[in-house]
Amino acid sequence: MVCLVSDLQDGQMKEVEVDLNKILLVRNNGEFTAVGGLCTHYGAPLIKGALVGDRVRCPFHGACFNTKTGDIEEFPGLDCLPKYKVKVEGGKVYVTTDKKKLKKRVKKMSGRVPGVSHTVVLIGGGPASLQCAETLRQNDYEGRIIMVTIDEQLPLDKTKLSKAMNIEIEKVLLRQNDFLQEHGIDVWTKKEVKSVDTEAKTLTFSDGTNQHYDQLLISTGGRARPLQCPGAELENVKLLEKKNVKFYTSNGVAEIRGENRKVKEVVLKNGEVLPADIVIVGIGMYKNNFAIAVSFPTLISLRKHLCVLQFMKTNIPDVFAAGDVVSFPLPLVGHKRVNIGHWQLAQAHGRIAGLSMLNQQVVINTVPYFWTMLLGKSIRYTGYGEGYTDIVFKGSTEERKFLAFYIKDEEVVAAASLNFDPAVARLAEMLLMGKRITKAQAQSDDLSWLQLP
């Protein structure tokens with residue numbers, strides 16, 4: 001027995017442990033269900049998240065899971081939650097496992113069927129391409145899948161690269177090579193596309209080779225924007241998160257000086273000189289659409305993004321686009337076309353593109369959910385706050401606990417928080433359902449409408 005029936009009311013959840021498994025027990029409409037209690041993304045406890053109907057949202061990074069099936073319904077993350085059997089008897093609730101300790105469940109996937117010549121080519125080795133490939137296999141696609149990337153490695157969890165300097169590549173691979181081979185997903189590394197002939201449906205690579213495609217996904221992502229100043233090529237100029245940071249605002253880097261190819265000091269634009277051993281560059285990125293633009297000039301918008309229609313389709317037959325390089329219609333803001341470079345959305349794009357290739361039309365029904373870690377504290381953000389005119393602030397920055405509502409046209413359009421879980425996760429669900437949240441609600445001392453624990 002894990003609890004009494006009376007311990008949980010409808011719409012409530014409880015974390016229990018059975019055979020060393022952390023399990024999330026949920027009651028909805030009088031029915032008890034049980035799934036894995038740890039998010040399959042980074043292992044966050046889902047009991048601290050937001051439960052809305054048959055769906056629980058992770059408070060850390062926003063991944064969502066169906067509490068009846070365990071299936072992942074919103075990203076980030078690739079895998080589903082394990083599902084457990086529940087028995088109610090004599091006013092008591094029992095959960096049974098197969099005695100194995102399970103943290104995640106891979107959704108059933110097919111592989112390539114010999115003799116099927118249909119080919120899908122995915123340009124780019126990031127989350128959009130990988131999610132597209134897995135979506136195809138999860139829906140019984142039998143043809144060939146080729147993922148083409150200029151990178152030297154298999155698809156990585158690049159969000160971890162700015163958090164650790166000495167991490168091993170094998171530990172940040174999104175999928176191991178054996179997994180990709182088992183499901184017939186070919187990954188061509190160190191391969192660059194130079195041009196695309198959409199009439200002949202042929203790719204030409206920088207090494208002179210060609211590849212036919214039947215359907216094509218463009219998800220080339222972005223690359224780090226380098227410093228444009230003398231000394232930017234010196235060693236020890238890397239990306240790193242570090243404590244005890246001093247800010248020099250309204251300034252910039254004029255030059256990086258060094259000795260023996262090593263960084264020695266940084267000269268600011270105001271003339272101030274800072275001693276330095278390592279220079280951390282975080283000034284944004286460039287979209288990797290420079291080569292594709294030659295082949296698809298009609299897809300490039302004024303802001304240098306590839307424009308997609310509904311279902312991640314372009315205006316060229318059998319050509320789809322996803323991820324950081326696209327401008328896409330976002331239902332959250334009335335299908336306004338936006339560009340949001342973010343891991344979670346890239347995965348969502350990849351899934352929709354994969355389904356669209358199979359003639360299953362699914363709208364981008366997602367709410368942006370961002371996160372960052374600073375000095376051991378995690379900040380959450382959800383919504384789309386472009387053009388906000390006011391901020392309603394709850395809590396205190398000094399106490400490192402706050403909730404900020406971003407207001408536009410007297411409505412909440414986004415929110416950010418620190419140590420205020422699961423406020424942002426719950427707000428994301430409300431925005432997803434199209435609920436209107438007024439500025440007056442945000443200003444009120446009564447936040448019961450957020451249903452916080």
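**Close-up views of a predicted model**

**View 1. The hairpin of β14 and β15.** Strand β14 (residues 193-197) and strand β15 (residues 202-205) run antiparallel and are joined by 4 bridges in this predicted model. Val-193 is placed opposite Phe-205 of β15. The hairpin has 4 residues between its strands, and Lys-201 adopts a positive phi near 55 degrees.

**View 2. Helix α1 and its surroundings.** Helix α1, spanning residues 127-138, comprises 12 residues and reaches 16 Å from its first C-alpha to its last, which is close to the 16 Å expected at 1.5 Å a residue. Because 12 of the 12 residues of α1 are buried, the helix is largely enclosed by the rest of the structure; among these buried residues are Pro-127, Leu-130, Cys-132, Glu-134, Leu-136 and Arg-137. The partners against which the buried residues of α1 pack include the strands β11 (119-123), β12 (144-148), β13 (185-188) and β17 (215-218), together with the helices α2 (177-182) and α4 (343-357). Asp-140, which follows α1, has a positive phi near 65 degrees.

**View 3. Arg-27 in strand β3.** Arg-27 is located in strand β3 (residues 21-28) and counts as buried because its relative accessible area of 17% falls under 20%. A polar atom of the Arg-27 side chain lies 2.7 Å from the backbone oxygen of Leu-8. Leaving aside neighbours within four places in sequence, Arg-27 is in contact with Val-5, Leu-8, Gln-9, Asp-10, Gly-11, Gln-12 and Phe-32.

**View 4. An aromatic cluster.** The count of aromatic pairs comes to 6. One of them joins Phe-370 and Tyr-381 in an edge-to-face arrangement, with 6.0 Å centre to centre and 65 degrees between the planes. This pair links distant parts of the chain, since Phe-370 belongs to strand β29 (residues 369-374) and Tyr-381 to strand β30 (residues 377-383), 11 residues apart. Phe-370 is partly exposed, with a relative accessible area of 26%, and Tyr-381 is likewise partly exposed, at 22%. Tyr-381 also forms an edge-to-face pair with Tyr-406, at 5.8 Å centre to centre and 70 degrees between the planes. Tyr-406 lies in strand β32 (residues 401-408) and Tyr-381 in strand β30, so this pair ties together parts that are 25 residues apart in sequence. Tyr-406 is buried, with a relative accessible area of 17%. Ring pairs link Phe-370, Tyr-381, Tyr-388 and Tyr-406 into a cluster.

**View 5. Lysines over aromatic rings.** Lys-87 lies over the face of Tyr-94, at 5.5 Å from the ring centre, and Lys-401 lies over the face of Phe-420, at 5.6 Å from the ring centre.

Definitions and conventions
Residues numbered from 1 in each chain as written. Predicted model: local features only at pLDDT ≥ 70, side-chain atom pairs only at ≥ 80, totals over all residues. Heavy atoms only, no water. Helix = DSSP H or I, 4+ residues; strand = E, 2+ residues; numbered from the N terminus. Buried < 20%, exposed > 50% of the residue type's maximum accessible area, 1.4 Å probe, protein only. Polar contact = N/O pair within 3.5 Å; in protein donor to acceptor, adjacent residues only side chain to side chain. Contact = heavy atoms within 4.5 Å. Expected span 1.5 Å × (residues − 1). Pairing = 2+ DSSP bridges. Phe/Tyr/Trp six-rings, centres within 6.5 Å; stacked < 30°, edge-to-face > 60°. Lys NZ or Arg CZ within 6 Å of the ring centre and 35° of its normal.
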